[in-house]
2 protein chains.
Amino acid sequence: MKRSLLLCAALTGLCAAAPSPKPSRAPVEIVTTAPAADWSPIAPSDLLVMELAPDANGAARRVVIQLLPPPFSQGWIDNIRALAAAKWWDGAAVNRVQDGYVVQWGDPDGEDKARAKPLPVGLTMVNAADYAASASAIWPLVSVTVAHDTINTANTKTPIYLKDAYAETTLAWRGWPIGADGGQMWPVHCYGSVGVGRDYPPDTGSGAELYAVIGHAPRQLDRNIAVVGRVIEGMEYLSSLPRGTGDFGFYKTAGERTPIRAIRIGTDLPDLPRYQYLSTESESFARYADARANRRDAFYIRPAGGVDVCNVPVPVRQVP
Amino acid sequence: MKRSLLLCAALTGLCAAAPSPKPSRAPVEIVTTAPAADWSPIAPSDLLVMELAPDANGAARRVVIQLLPPPFSQGWIDNIRALAAAKWWDGAAVNRVQDGYVVQWGDPDGEDKARAKPLPVGLTMVNAADYAASASAIWPLVSVTVAHDTINTANTKTPIYLKDAYAETTLAWRGWPIGADGGQMWPVHCYGSVGVGRDYPPDTGSGAELYAVIGHAPRQLDRNIAVVGRVIEGMEYLSSLPRGTGDFGFYKTAGERTPIRAIRIGTDLPDLPRYQYLSTESESFARYADARANRRDAFYIRPAGGVDVCNVPVPVRQVP
């Protein structure tokens, strides 16, 4: 019996032993060979950079988060910029890690009104209506022809994922996974998405408490809580943290928390690399999405014929 | 501005500050109040128990995996039982942790034919046709009426999830998330699913190399690789491992691997607790699935009106 190649091809099709004739390209091959013109820059001003305390071996742990562009969640993002400018998170901590759900950070004393750290003046309480935006920017989409019954890139370069349990339409748009329905569009929760912790409605959260998704996409949170961005580098520093020992993944003791040294906007960090994303309006992205929905590289024997929006992560990289 | 309650209600609706009048029950409330008769026992003979080396503090790390029942993947599962009986995995290791994808364990020298550990005699190479089974056991389903356009439990206690990008039909059946299409049904890849690493087709893997999903459901693997079970306890010992330092999440050095002390079938472990799952054919499960698709508990302002099969994890617990 042959030895397992350990799933090395499951994501890449780049195993040394790949058989010939050459099958269709794997998604990662489409991405790595995409022309430079298909990559779009990410402005440092749209990056939120969290420096965790070094790990047990003294290695730095930097988490880079890309913030959403207009028309999404800008009220909360303005608050987040103000919190970063005020260095409000310096000395905060990761307080909660719930397996398969979220990692959450902010003021460890936030639940105790007597000890909670005061917020900077000038933050706004954003209305819950802003969990979504008007879909006029994308609607009506150019004529859509169904191919594979699940994804369409025939008459538009914007891939449309047609079968989704949570939204009438899901698509990749200007670099982000989006849901759309009834004249609205909204950013969806995927692995690595960053959102704003909040109290019960009508509270919508200030932005001082943030979370990142570390499990299967909790799409039930869409339009119930503000998505503000996604982790583009350093995700492993959040997802591999020890799980919380108390209810809902909160740590029972202060010593278990991971201290946050600082959170800054990218423009305040001269050493920050430049990043870019594969334009969701490019031919390369359309081919990448099609390949994610119809794996024909050597490892696969049966293409799925479909894909969900969170299983087509928008490629992001440091500028080569 | 109110302080964030840190999303404590996002999963449970059990926060102390929950407003009245009492909203609809959260999924976890439906589960915890389900009658004893709605819980089904899991036979110890259907459990695969992996004892990792203790953590840095000396604490034990036990991972409990429930194996699939017939008609699914029984050829690979027979191999797995033979490997456990032969104590083949004693001294094996977790060799790969790829963020957002899989944790994988087996023979660290498996890729080197000269050094690979011989497999026990008598293992079978299973045919790729066995990635799926005949759907005759579930097909035709009793008359389905669409409610909420996404989930139906009206005329059957088997919840059907109608919008899925990967399968014509997805459902919860005899305790497992299942895809069905064209007279076939198959176990799907969700967070925590356990499958069999393999080489390129026509290889289908022996069962000696196993992986667990630690990210968003990689449904493109369905019917391309054998799912054999799911982690029901100790998932955090896999999902929080340090991510691999090499390509595809493999560790570059032997010292980074997590040693496996032993893997045994549950019947060989007298101290193993008894487990049970919430019967997917029970009224409680139908209500739980409906609540997962339509969150109406206090934290939510807008029920999604739908859910995907991997976002309705089958509740499993130790027998109270």
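Good morning, colleagues. A search of the whole structure, which is a predicted model, finds 5 cavities of 30 Å³ or more. The largest cavity has a volume of about 160 Å³. Its lining comprises 18 residues, and those closest to the centre are Tyr166(A), Asp308(A), Asp164(B), Tyr166(B) and Asp308(B). By character, the lining of this largest cavity divides into 8 nonpolar, 8 charged and 2 polar residues.

Allow me to turn to chain A as a whole. This chain has 320 residues, of which 60% count as buried. Its secondary structure consists of 17 strands and 4 helices. Consider next the contacts in chain A between residues at least 6 apart in sequence: 70% of these join residues at least 24 apart. As for the surface, chain A exposes about 12000 Å², with carbon and sulfur atoms supplying 53% of that area.

I now move to chain B, and to one strand in particular. Strand 12 of chain B spans residues 193–196, and both of its faces are covered. On one side lie Ser193(B) and Gly195(B), on the other Val194(B) and Val196(B), and all of them are buried.

Which strands pair with strand 12 of chain B? One is strand 14 of chain B, residues 227–233, which runs antiparallel to strand 12 and is joined to it by 3 bridges. Within that pairing, Ser193(B) has Arg230(B) as its bridge partner. Another is strand 13 of chain B, residues 210–213, again in the antiparallel sense and over 3 bridges. Here Val196(B) stands opposite Leu210(B).

Thank you for your attention.

Methods: Residues are numbered from 1 along each chain as its sequence is written. Chains are lettered from A and ligands numbered from 1 in the order in which they are written. This is a predicted model: local features need pLDDT of at least 70, side-chain atom pairs count only at pLDDT 80 or more; totals for chains, interfaces and linings use all residues. Side-chain values use heavy atoms; hydrogens and water are left out. Buried means under 20% relative accessible area, exposed over 50%, partly exposed in between (1.4 Å probe, protein chains only). Helices (H or I, at least four residues) and strands (E, at least two) are DSSP runs, numbered from the N terminus. Two strands pair if DSSP finds at least two bridges between them. Contact means heavy atoms within 4.5 Å. Accessible areas come from the Shrake-Rupley method with a 1.4 Å probe; for residues, only the protein chains shown count as cover. On a 1 Å grid over the protein atoms alone, a cavity is a set of points where a 1.4 Å probe fits but cannot get out, and a pocket is an open set with protein on both sides within 12 Å along at least five of seven lines; lining residues have an atom within 4 Å of a point. Grid points are joined across faces, edges and corners, and a volume is the space filled by probe spheres set on the points. Ala, Val, Leu, Ile, Met, Phe, Trp, Tyr, Cys and Pro count as nonpolar, Asp, Glu, Lys and Arg as charged, and the others, Gly among them, as polar.
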